[in-house]
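Some labels in structural biology rest on numerical cut-offs. The questions here ask how such labels are earned.

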Amino acid sequence: MARLVTGRPGPVLALRADIDALPIVEETGLPFASEQAGAMHACGHDGHTAVLLAVARTIAGMRDTLRGEARFVFQHAEELLPGGARELVAAGVLEGVDAVVGCHLILELDFPKVAVPTGAFMAAPDTFAIVIEGRGGHGAFPHKSVDPITVAAEVIIALQHVVARETDPNEPVVVTVARISGGTADNIIPASVELGGTVRTFSTDVRGRARASMERIVAGVTQAHDAGYRFDYVEGYLPVDNDAELAARVAAAAERALGEDALTDIPRIMGGDDFSAYQRAAPGVYFMVGARNEGVGAAFPHHNPRFTIDERAMENAIAVFIETARDLLAAE
Ligand SMILES: [Zn+2]
Ligand SMILES: [Zn+2]
């Protein structure tokens, strides 16, 4: 964290960028592609880092016209539960802070659009791990085994009932099995299969019921086939929930900086972000900066090996941050 203390009494504004990468082998072919095999900035956090560095440099140059304090928070481990934000809040980075603002460059939104949502708009991202415990044996004698592969297949399909048959269609929920492993050879029935994935919800109620339904389904399907199971569920970040009053000020700043045509609404996002941890400590706004542009090849989703952005989106993010700081910290 860096602090710009003006020495004049006034509010404290924290600006946050996440800095971490993902375990992906980069396939963009860009001249500045990752040189670390299996580490790629596939979510745009390198863009956030560059943006906040530029913002810090610019705001440092404006210090004579500002009051209060600006804090620049460069945060680790956004992609990894329980998240770096929680650790930084615990370490005191938001002590005395009156407002916290961050942004994400996103491919769901076309360049040069910007959105400043109000209220809860990013989901709670939970994770789960399931072990189906069968009894290993010879592939030619399935009756002498309990085959965890076929049981796992049923579990995967049945879990979608949580979404399609057990949750009010007006309530957003995602259950994704994203990983499955089991087996070593074509003629061996393995002893167990492991599944893992993510659950995304907005309401505490839906979250609790989804978790309970999942375990009931896993227990029922495995019991039906004489298998056992282990079920681990980890609650992730809280939903990102923008403070209405601060959102109005950031939106007005975005309009002044980029023109009123730049602002747009976006639907709720089932992705999550640990920016929500800051919002439990101070009023916070997370704004979305459109970075999609097929014309420059920026059309792949986040976390894809070919993910890239229209880099002009970074200039938009910088402009919104600076105008927001000017608005909140202007000396009398
Ligand atoms: Zn990400
Ligand atoms: Zn991200």
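What follows is a set of questions and answers about two metal sites and a strand.

Q: How do you know which features of this model may be described?
A: This is a predicted model, so local features need pLDDT of at least 70 and side-chain atom pairs count only at pLDDT 80 or more, while totals for chains, interfaces and linings use all residues. Residues are numbered from 1 along each chain as its sequence is written, chains are lettered from A and ligands numbered from 1 in the order in which they are written, and side-chain values use heavy atoms, with hydrogens and water left out.

Q: What makes a residue a donor to the zinc ion (ligand 1), and which residues are donors?
A: Donors are N, O and S atoms within 2.8 Å of the metal (3.2 Å for Na, K and Ca); water is not among the atoms, so sites may look incomplete. Cys43 (SG), Glu79 (OE) and His303 (NE2) coordinate the zinc ion (ligand 1) at 2.1 to 2.2 Å. Glu79 sits in the loop between strand E3 (69-75) and helix H2 (84-90), and His303 in the loop between strand E14 (284-292) and helix H7 (312-329), so the pair ties together parts that are 224 residues apart in sequence. Helices (H or I, at least four residues) and strands (E, at least two) are DSSP runs, numbered from the N terminus.

Q: Which residues coordinate the zinc ion (ligand 2)?
A: Cys43 (SG), His45 (NE2) and His104 (NE2) do, at 2.1 to 2.4 Å. Along the chain, these donors have the spacing C-x1-H-x58-H.

Q: What makes Cys43 a bridge?
A: Cys43 coordinates both the zinc ion (ligand 1) and the zinc ion (ligand 2), and the two ions are 3.2 Å apart.

Q: Why is Cys43 called buried or exposed?
A: Buried means under 20% relative accessible area, exposed over 50%, and partly exposed in between (1.4 Å probe, protein chains only). Cys43 has 8% relative accessibility, so Cys43 counts as buried. His45, at 0%, is also buried.

Q: Why is Glu79 called partly exposed?
A: The relative accessibility of Glu79 is 23%, and therefore Glu79 counts as partly exposed. His303 is partly exposed too, at 39%.

Q: How do you know that E14 is mostly covered?
A: Eight of the nine residues of E14 are buried.

Q: What makes strand E4 a partner of E14?
A: Two strands pair if DSSP finds at least two bridges between them. Eight bridges join strand E4 (residues 99-110) to E14, and the two run parallel. Ile106, for one, has Gly290 in E14 as its bridge partner.

Q: How many bridges link strand E5 to E14?
A: Strand E5 (residues 114-115) pairs with E14 over two bridges, in the antiparallel sense. Val114 has Val289 as its bridge partner in E14.
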